[in-house]
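Me: Could you take a close look at one part of this model for me? I'd like to know how the helices sit against each other and against the sheet.

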Amino acid sequence: MFIITACNNIKLQETKKPLTKEIFAMDTEITLTCYGENAERTLSEAEERIKEIDGLMSTGKADSEISQLNKKGNAKLSNDVYYLIKRAVEISKKTNGAFNPLMYPIMKLWGFDTKRYRIPGEKEIKEKLEFTDINSIVSDENTRKISLKKGMEIDLGGIAKGFTSDELIKIFKKNGVDGLVNLGGNVSVTERKPENKPYKVGIRSPYSGLLGVVTVRDKSVITSGGYERYFEKNGIRYHHIMEPSTGKPANSDLLSVTVISKDGMYADALSTGIFVMGKKTGIAFFKQNHEKFDIILLDKKSKIYVSNGIKNEFISKGFDVEVIKE
Ligand code: ADP
Ligand code: MG
């Protein structure tokens, strides 16, 4: 908050200072940062929107639309949830099933819903894999009704944060303020900081510190990796990104996948999907679809692969970098 004074200079300086808000929602630490006159109002609106989306999409809340849909097998949905499921299904098909929003029965089997982790048997996994066929989701555009087959359950955890970032940035723009949103390390920014500067976004390293820094305007920078959420048993790490064809944590040769795009929701889904694909298939997928996004991959040999569109905006923190040829 600033005090209005007769001196315009002071007011100008004050508006350059960002206003921030920290919220815990969507199972993540969220930080909102705003510059400009309408910052305070914008942050309140943003917080409301986060709570609304969380209330609709959280599998952890029994009364959310997603939980109700999963429980009953069919439901008439809000615009937000219907739209997001539709996009998730499209991306699932586009990524040849590497991204799959029907992994919830599998997530539960491994204990990722309750944090009571366990290693399931092959038979149980096989049974639950029956419920992950993306073509079995029936949707009706007119009534916004979605129907699932018995046993199927939707999990928007791989896409909902990106959608939320997009919604928050829309609120910023509507109110004419600049700023950034950080949802557990996934960052979306507006066009500029004060003095028309771009944003420098740090990408977390799976080891410690940063992988690098990327300079962006009006983009989302979204990272997925097996180091984010996992449990360990007998020295083996089991992480939270599942390989839909096996029902087990993806055995990826990548340590982290960062997707940079104007479309945060797409970036979120693809960061998860490309992690599952691994380096070779992930790069091939990128080459076929590169007009919509850029990527920064870190493989298990600690080498970074960066796409041409972002190479000049990326500074690695000591890692060897190769540019992906398009
Ligand atoms: P985070 O949410 O930790 O940033 P991701 O965006 O990669 O990480 O999303 C991982 C979440 O997505 C999991 O916690 C789970 O809810 C869901 N999920 C797991 N495997 C898949 C998959 N293959 N496709 C789509 N969603 C997935
Ligand atoms: Mg994701």
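Reply: Here is a walk through one helix pair, then the sheet and the helices lying across it. Keep in mind that this is a predicted model.

Start with H2 (residues 39–57) and H7 (residues 160–174), which pack with their axes 10 Å apart at an angle of about 155°. Anything over 145 degrees counts as roughly antiparallel, so that is what H2 and H7 are to each other. Their crossing is right-handed. On the H2 side, the contact is made by Thr-42, Glu-45, Ala-46, Arg-49, Ile-50, Ile-53 and Met-57. H7 answers with Ala-160, Phe-163, Thr-164, Glu-167, Leu-168, Ile-171, Phe-172 and Lys-174. Sorted by class, this contact of H2 with H7 has nine nonpolar, four charged and two polar residues.

H2 also has the sheet to deal with: it lies across S1 and S2 (28–35), and runs at about 10° to S1.

Now the sheet itself. It is open, with nine strands in the order S1-S2-S6-S7-S10-S15-S16-S17-S19 and mixed pairing. S1 (19–25) and S19 (320–324) are the edge strands, each pairing on one side only. From one strand to the next, the twist averages 15°.

For a bit of local detail, take S16 (residues 294–299) and S17 (residues 303–307): they pair in the antiparallel sense over three bridges. Leu-297 has Tyr-305 in S17 as its bridge partner.

S16 and S17 are also among the strands that H8 (residues 264–289) lies across, along with S10 (220–225), S15 (254–261) and S19. H8 runs at about 125° to S15.

Notes. Residues are numbered from 1 along each chain as its sequence is written. Chains are lettered from A and ligands numbered from 1 in the order in which they are written. This is a predicted model: local features need pLDDT of at least 70, side-chain atom pairs count only at pLDDT 80 or more; totals for chains, interfaces and linings use all residues. Side-chain values use heavy atoms; hydrogens and water are left out. Axes are lines fitted to C-alpha atoms, for helices over the stretch in contact, and angles run from 0 to 180 degrees between N-to-C directions. Helices (H or I, at least four residues) and strands (E, at least two) are DSSP runs, numbered from the N terminus. Angles under 35 degrees count as roughly parallel, over 145 as roughly antiparallel, 65 to 115 as roughly perpendicular and the rest as oblique. A crossing is left-handed if the near helix is turned anticlockwise from the far one by less than a right angle, and right-handed if clockwise. Contact means heavy atoms within 4.5 Å. Ala, Val, Leu, Ile, Met, Phe, Trp, Tyr, Cys and Pro count as nonpolar, Asp, Glu, Lys and Arg as charged, and the others, Gly among them, as polar. Two strands pair if DSSP finds at least two bridges between them.
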